Amino acid sequence: MLFTDKRQIRAVWRIGGLYILAALLVFLIVFVAETFLHMVPCELCLWERGPWRVLLGIGVLALVLSPRYARWAAVAGLVCLLVSVGLGVLHVGVEQGWWPSPAAECHVALVEGHNFSDWMAHLPARPTKPCDLPDYPFGLPVSMTTLSALYAVLVFCLAVWETLRLFRFVRNNRLGV
C-alpha cells in the first residue's frame, strides 16, 4: 500500500515503531544483562521473551499495512503485551513465593540412592537458575523481573493510547473529516 498522506504515515509508524523499539529495547537489555552483568536467565525469563519476539514481527507488519488494516495488527500487539504483563506478574509471584512456578525446569529433581553417573545423567543440558531467586541489578531494591513487568505495563499503556489514536484516525478519514 502506498501512502499518499503524511498523516497516514505518522498514524501507522507511531504504533509500529513503538512495538519495534519496545521489543528491541528488551532484547538489548537481555543481551547486556547476560553478556556484561553475567546474569543467568531462569526458565520463566525465557518464557517472557516470547511475546516480545511476536511483538517485533507485529510491529514490522504494522509498518507495511495501511492504517485501515494496521489497526488490527495494533490490537494483536496489545494481546502480546497483555501476555507479557501476565507472564511478568506470574514470575514476580514466583519470586515473592506467592505460588510455585509452573515451569518444570524451575524445580530441582533430587536423585537419591543412585550413583554419580545416574546423578550426572539427570542434570539439565544447560545450567539453570531457580525461578524464585530474584536478580537485583545495579543495587536497586527492585528485581529485574519486577522491572520487566513494569516495563510491559508501561508499553501496554502507551500502545493502548496509540491504538486508540489509530482507530480515531481511520474513523475520521472514513467520515471525510
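# A guided tour of a five-helix predicted model

Begin by selecting serine 84, which is placed in helix H3, residues 67-96. Helices here (H or I, at least four residues) and strands (E, at least two) are DSSP runs, numbered from the N terminus. Is serine 84 buried or exposed? With a relative accessible area of 3%, serine 84 is buried. The term buried means under 20% relative accessible area, exposed means over 50%, and partly exposed lies in between (1.4 Å probe, protein chains only). Next, display the residues that serine 84 touches: apart from neighbours within four places in sequence, they are Pro51, Trp52 and Ala152. A contact requires heavy atoms within 4.5 Å.

Before proceeding, note the conventions. The model is predicted, so local features need pLDDT of at least 70 and side-chain atom pairs count only at pLDDT 80 or more, while totals for chains, interfaces and linings use all residues. Residues are numbered from 1 along each chain as its sequence is written, and side-chain values use heavy atoms, with hydrogens and water left out.

## The whole chain

Zoom out to the complete protein, and colour it by pLDDT, the predictor's confidence in each residue, from 0 to 100. The mean pLDDT is 79, and 77% of the residues reach 70 or more. Among the elements, helix H4 (residues 116-121) has the lowest mean pLDDT, 64, whereas H2 has the highest, 88.

The protein holds five helices and zero strands, and along the sequence the pattern reads α-α-α-α-α. Of its 177 residues, 37% count as buried. Among contacts between residues at least 6 apart in sequence, 80% join residues at least 24 apart. The protein exposes about 10,800 Å², of which carbon and sulfur atoms supply 70%; accessible areas come from the Shrake-Rupley method with a 1.4 Å probe, and for residues only the protein chains shown count as cover.

## The nonpolar patch

Now show the surface and select Leu25, Leu28, Ile29, Phe31, Val32, Phe36, Leu37, Phe138, Leu140, Leu147 and Leu150, which make a nonpolar patch of about 1,000 Å². Patches are made of residues with over 30% relative accessible area and no salt bridge; like charges are joined within 9 Å, and nonpolar side chains (Val, Leu, Ile, Met, Phe, Trp, Tyr) within 5 Å.

Which helices each supply at least two residues of the nonpolar patch? They are helix H1 (6-35) and helix H5 (144-174). The largest share, five residues, comes from H1. Within this selection, pick out phenylalanine 36, located in the loop between H1 and helix H2 (43-64). Phenylalanine 36 counts as exposed because its relative accessibility is 55%.

## Two salt bridges

A search of the whole structure finds two salt bridges. The criterion is a side-chain nitrogen of Lys or Arg within 4 Å of a carboxyl oxygen of Asp or Glu. Side chains of opposite charge can pair when their charged atoms come close.

Select arginine 49 and glutamate 34, whose side chains meet in a salt bridge at 2.4 Å, N to O. This pair links distant parts of the chain, with arginine 49 in helix H2 and glutamate 34 in helix H1, 15 residues apart. Arginine 49 counts as buried at 13% relative accessibility, whereas glutamate 34 is partly exposed at 31%.

Then move to glutamate 162 and arginine 165, where the closest N and O atoms of the salt bridge are 3.5 Å apart. Both residues lie in helix H5, three residues apart, about one turn of the helix. Glutamate 162 is buried, with a relative accessible area of 13%, and arginine 165 is partly exposed at 31%.

## Further along H5, and across to H3

Select arginine 168, also found in helix H5. Arginine 168 is partly exposed, with a relative accessible area of 36%. Add arginine 71 to the selection: the two are 97 residues apart in sequence and 10.0 Å apart in space, C-alpha to C-alpha.

Continue to arginine 68 in helix H3, which is partly exposed at 44% relative accessible area. From arginine 68, measure across to leucine 166: the C-alpha atoms are 8.6 Å apart, although 98 residues separate the two in sequence.

## Annotated segments

Finally, select the segments that an unreviewed UniProt entry lists as "transmembrane region": residues 12-38, 50-66, 73-94 and 138-161. UniProt positions are given in the numbering used here, feature names are shortened, and annotations may be inferred rather than shown by experiment. Over residues 12-38, the chain is 89% helix and 0% strand, with end C-alpha atoms 38 Å apart. Over residues 138-161, the chain is 75% helix and 0% strand, and the end C-alpha atoms are 31 Å apart.
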